[in-house]
Amino acid sequence: MTKDEIYSKMSEAIVAGDREAARGLAEEAVRSGLDLLEVVDRGYVPGIQKVGELWEQGEYFLPELITSAEAMKAAMGVLEPELKKRNAGSRAGGRVVIGTIEGDIHDIGKNLVASMLQAGGFEVHDLGADVKLERYIETAEEVGADMICLSALLTTTMMNQRRFIGLLRERGLRDKYKVLVGGAPANRAWAEEIGADGFAENAVAAVKLARSLAGRP
Ligand code: B12
C-alpha cells in the first residue's frame, strides 16, 4: 500500500466510525515507522473533517458523530503515547495549558492541538473540556506556564474566550501569558478583537504559531 492509500484508509475508518480499523491502522503506522504527525494530519484529521461536513449536510446524526469521535480517540490513544515518547524530555518550546472552554464539551480538535504541541516539543497540561476560566489561571500559575490555549466550538462558548482575557486583565496577569484561541467559530479578526495573542485554524498551524510566539524557529 502506498502512503496515500494508508491515509485514505485511516480517513475512511473515521468516517465509518470503525474503531478497530482506526486503532489497527495507527498501530501499523507506528510499527512501520511512518511520520506520526503526518499520519494525524493527512490520515485521521481529513476523516473527522469529513464527518463534520456530513453532519452539516444532514447526512450524519448524533450516533454517527459519536462513533466517529470514538474511532478518532482510539487512533489517538495509540499515536499520542508514541508522539510523547519521541519528545520525552524535550521542553524546548515551553509550558502550555490547554483546554476546551467552560460550557463546551467538544474536545476532538483540542486533543489534536494538544498532541501536536506535545509532539512539537511543548510541555502540555491538558485540562480536558468544559474548563472553568479560573482553572486555567490556577493551573498556569501552578505549573509556571508560558502559554494558555483556549478551544471553543460553539458561538456561545467562544464568548468565554473574551471573558477569559478580561479575567486575566483583572488579575493583572495579562502580560504574563501568551493566549491562543481556536475552534471552528473563531478566526483571526476575533482573536484581534478580544486581544488574544494569536489564532490558528488547525493543529499544524497552532504549533507553528506557538513556536513563533515562543521565539523558536
Ligand atoms: C463532533 C461534534 C460534536 C460531538 C463532540 C464529540 C467530542 N468529544 O468532541 C458531540 C456529538 C458530543 C457534539 C455535541 C454538541 N454539538 Co457539536 N459538533 C461536532 C462537529 C460535527 C465536529 C467538531 C469536530 O470535532 N471537528 C473536527 C476537529 C478536528 O476540528 P475542530 O474542533 O475545529 O478543531 C481544529 C481547529 O478548530 C483548531 N483548534 C481547535 N481548538 C483550538 C484551540 C487553539 C488554541 C488553536 C490555536 C486551534 C484550535 O485545530 C483543530 C485541529 O485541526 C461540529 C461541526 C463542525 N464542522 O465543526 C459540530 C458543532 C460544533 N456542534 C454544534 C452543536 C450545536 C452541538 C451541541 C450544542 C448540540 C446539541 N444541541 O446538543 C452539543 C454541544 C454541547 C456542549 N455544551 O458542548 C454546532 C455549533 C453551532 C454553533 N455555531 O455554535 C456545530 C458547528 C454543528 C452545526 N453546524 O450545527 N458535537
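Read along the sequence, the protein chain of this predicted model follows the pattern α-α-α-α-β-α-β-α-β-α-β-α-β-α. The elements amount to 9 helices and 5 strands. The C-alpha trace spans about 55 × 40 × 25 Å along its principal axes. For 217 residues, a compact globule would have a radius of gyration near 17 Å, and the value of 17 Å found for the protein chain therefore agrees with that expectation. Buried residues account for 42% of the 217 residues. Of the contacts with a separation of 6 or more, 75% are between residues 24 or more positions apart.

The strands form an open sheet of 5 strands in the order S2-S1-S3-S4-S5, and their pairing is parallel. The edges are occupied by strand S2 (122–126) and S5; each has a single partner strand, so one side of each is left without a neighbour in the sheet.

Strand S4 (residues 178–182) is largely enclosed by the rest of the structure, because 4 of its 5 residues are buried. With strand S3 (residues 147–151), S4 pairs in the parallel sense over 5 bridges. Within this pairing, Leu150 stands opposite Val181 in S4. The connection from S3 to S4 passes through helix H7 (residues 159–170), and this β-α-β crossover is right-handed. S4 is also joined to strand S5 (residues 198–199), through 2 bridges and again in parallel. The bridge partner of Leu180 in S5 is Gly198, and that of Val181 is Phe199. Val181 thus has a partner in S5, Phe199, and stands opposite Leu150 of S3. A right-handed β-α-β unit is made by S4, helix H8 (residues 188–194) and S5. In a regular strand the side chains alternate between the two faces of the sheet.

Among the helices, H3 and H4 were examined further. Helix H3 (residues 36–56) contains 21 residues and reaches 29 Å from its first C-alpha to its last, close to the 30 Å expected at 1.5 Å a residue. A bend of about 35° occurs in H3 at Val45, and a proline, Pro46, follows within four residues. The buried residues of H3 are Leu36, Val39, Val40, Gly43, Tyr44, Val45, Gly47, Ile48 and Val51; the bend residue, Val45, is thus one of the buried positions. An α-helix has 3.6 residues a turn, so residues three or four places apart point the same way. The packing partners of the buried residues of H3 are helix H1 (3–15), helix H2 (19–31), helix H4 (62–86) and helix H5 (108–119). After H3 comes Gly58, with a positive phi near 80°.

H4 has 25 residues, and its span from first to last C-alpha is 35 Å, close to the 36 Å expected at 1.5 Å a residue. H4 bends by about 30° at Gly77, with a proline, Pro81, following within four residues. Buried positions in H4 are Ser68, Ala71, Met72, Ala74, Ala75, Met76, Leu79 and Glu80. These buried residues pack against H1, H2, H3 and H5. H4 is listed among the packing partners of H3, and H3 among those of H4.

Note on methods:
Residues numbered from 1 in each chain as written. Predicted model: local features only at pLDDT ≥ 70, side-chain atom pairs only at ≥ 80, totals over all residues. Buried ≥ 20, exposed ≤ 12 C-beta atoms within 10 Å, placed from the backbone. Pairing = 2+ DSSP bridges. Right-handed = clockwise from strand over helix to strand, strands pointing away. Rg over C-alpha atoms; globule rule 2.2 N^0.38 Å. Contact = placed C-beta atoms within 7 Å. Expected span 1.5 Å × (residues − 1). Bend = angle between axes of the 7 residues up to and from the residue.
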